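Some notes on the model follow, point by point. Please read them with the structure open.

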Amino acid sequence: MERQSRETVSGETNETPNDGAYERHLERSRTMWNRWSDYYGMSERDFEPMREDLIDRLEIQPGDRVLEVGCGPGVNLERLRNDVGEAGEVVAVDYSPEMVGKARERIEDGGWENVTVRCEDATTATFDEPFDAALASLSLSVMPDARATVENVYGSLDAEAPLGVLDVRPFPEGPGRIVNPFVRRFLQWYANWNPENDVLESLEAVFEESDVVETHLGGFNYVVLCRKETATD
Ligand SMILES: C[S@@+](CC[C@H](N)C(=O)[O-])C[C@H]1O[C@@H](n2cnc3c(N)ncnc32)[C@H](O)[C@@H]1O
């Protein structure tokens, strides 16, 4: 696919597909997630155990720097802030200004000075220092180009750092597959889910280690733990 260089807010460039579909998907995401930002309570509640499990697996240490990709209204921020403590740092990115506004309200309410949220496309965002861990809960599958986002996250991580992913997909096996045409349409309507993305394939292609460590609801939800290459001396 033809690719296009995009200038990031810090003046560097990243490459994304250049066929118009990328921009259209990104703008649809902004409109849709702006709208959902006032009605996120059910998703926050229902997915909480899976998010907690995901964060447990990252084994975040006090003092770590952690990146969250597509943070929405900041449902993971309190837990991440607790894990990194006062000495660490949490940087979250989301493309929807309304979601970012909600996340920033939580930060202000919590008084967390070492947690920041940037309103940016996670695929082109650049960061000054590498992260010790990253997570993407329910966000990679709605990106305009999940493979490009995963590459960007990989480049933002320190050697041996983990990326934890929680996401959704049509039923991979079993009788649930019969409803997959409906599931695909529902996810596209509800979440701007992108049928062009193969999140698992992207993670496997980019990371040296990538393992599905948990599935729920017949594989509809899955948790993946990836790890970047070991440092070479
Ligand atoms: C389903 S919500 C997930 C929110 C949260 N991580 C959670 O666990 O509930 C997906 C989020 O991804 C964000 N998003 C979609 N495309 C994005 C992009 N290209 N860059 C950054 N955020 C994006 C949306 O704005 C939305 O807030």
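1. Which residues of E3 lie on one side and which on the other, and are they buried or exposed? The model is predicted. In it, Arg65, Leu67 and Val69 lie on one side of E3, Val66 and Glu68 lie on the other, and all are buried. Both faces of the strand are thus covered.

2. Strand E3 spans residues 65-69, and five of its five residues are buried, so the strand is largely enclosed by the rest of the structure.

3. E3 has two parallel pairings to check. With strand E4 (residues 89-94) E3 pairs over five bridges, and Val66 has Val90 as its bridge partner there. With strand E6 (residues 133-137) E3 pairs over three bridges; here Glu68 is matched with Leu135.

4. The connection between E3 and E4 involves helix H4 (residues 77-84): E3, H4 and E4 form a right-handed β-α-β unit.

5. Val66 also belongs to the largest nonpolar core, which has 50 residues; Val66 and Ala134 have the most contacts inside that core. Leaving out residues up to four places away in sequence, Val66 touches Ile60, Leu80, Val84, Val90, Phe131, Asp132, Ala133 and Ala134. In soluble globular proteins, nonpolar side chains tend to be buried together.

6. The ligand is surrounded by 24 residues, of which Trp33, Gly70, Gly72, Ser96 and Ser137 are the closest. Helix H1 (21-36) and E4 are the elements that give two or more residues to this shell. H1 supplies the largest share, three residues. By class, the shell has 13 nonpolar, eight polar and three charged residues.

Notes:
Residues are numbered from 1 along each chain as its sequence is written. This is a predicted model: local features need pLDDT of at least 70, side-chain atom pairs count only at pLDDT 80 or more; totals for chains, interfaces and linings use all residues. A nonpolar core is a set of buried Ala, Val, Leu, Ile, Met, Phe, Trp, Tyr and Cys residues joined through C-beta atoms within 7 Å. A residue is buried if 20 or more other C-beta atoms lie within 10 Å of its own, exposed if 12 or fewer, and partly exposed in between; C-beta atoms are placed from the backbone. Two residues are in contact if their C-beta atoms, placed from the backbone, lie within 7 Å. Helices (H or I, at least four residues) and strands (E, at least two) are DSSP runs, numbered from the N terminus. Two strands pair if DSSP finds at least two bridges between them. A crossover is right-handed if, with the strands pointing away from the viewer, the path from the first strand over the helix to the second runs clockwise. A residue is near a molecule or strand if its C-beta atom, placed from the backbone, lies within 6 Å of it. Ala, Val, Leu, Ile, Met, Phe, Trp, Tyr, Cys and Pro count as nonpolar, Asp, Glu, Lys and Arg as charged, and the others, Gly among them, as polar.
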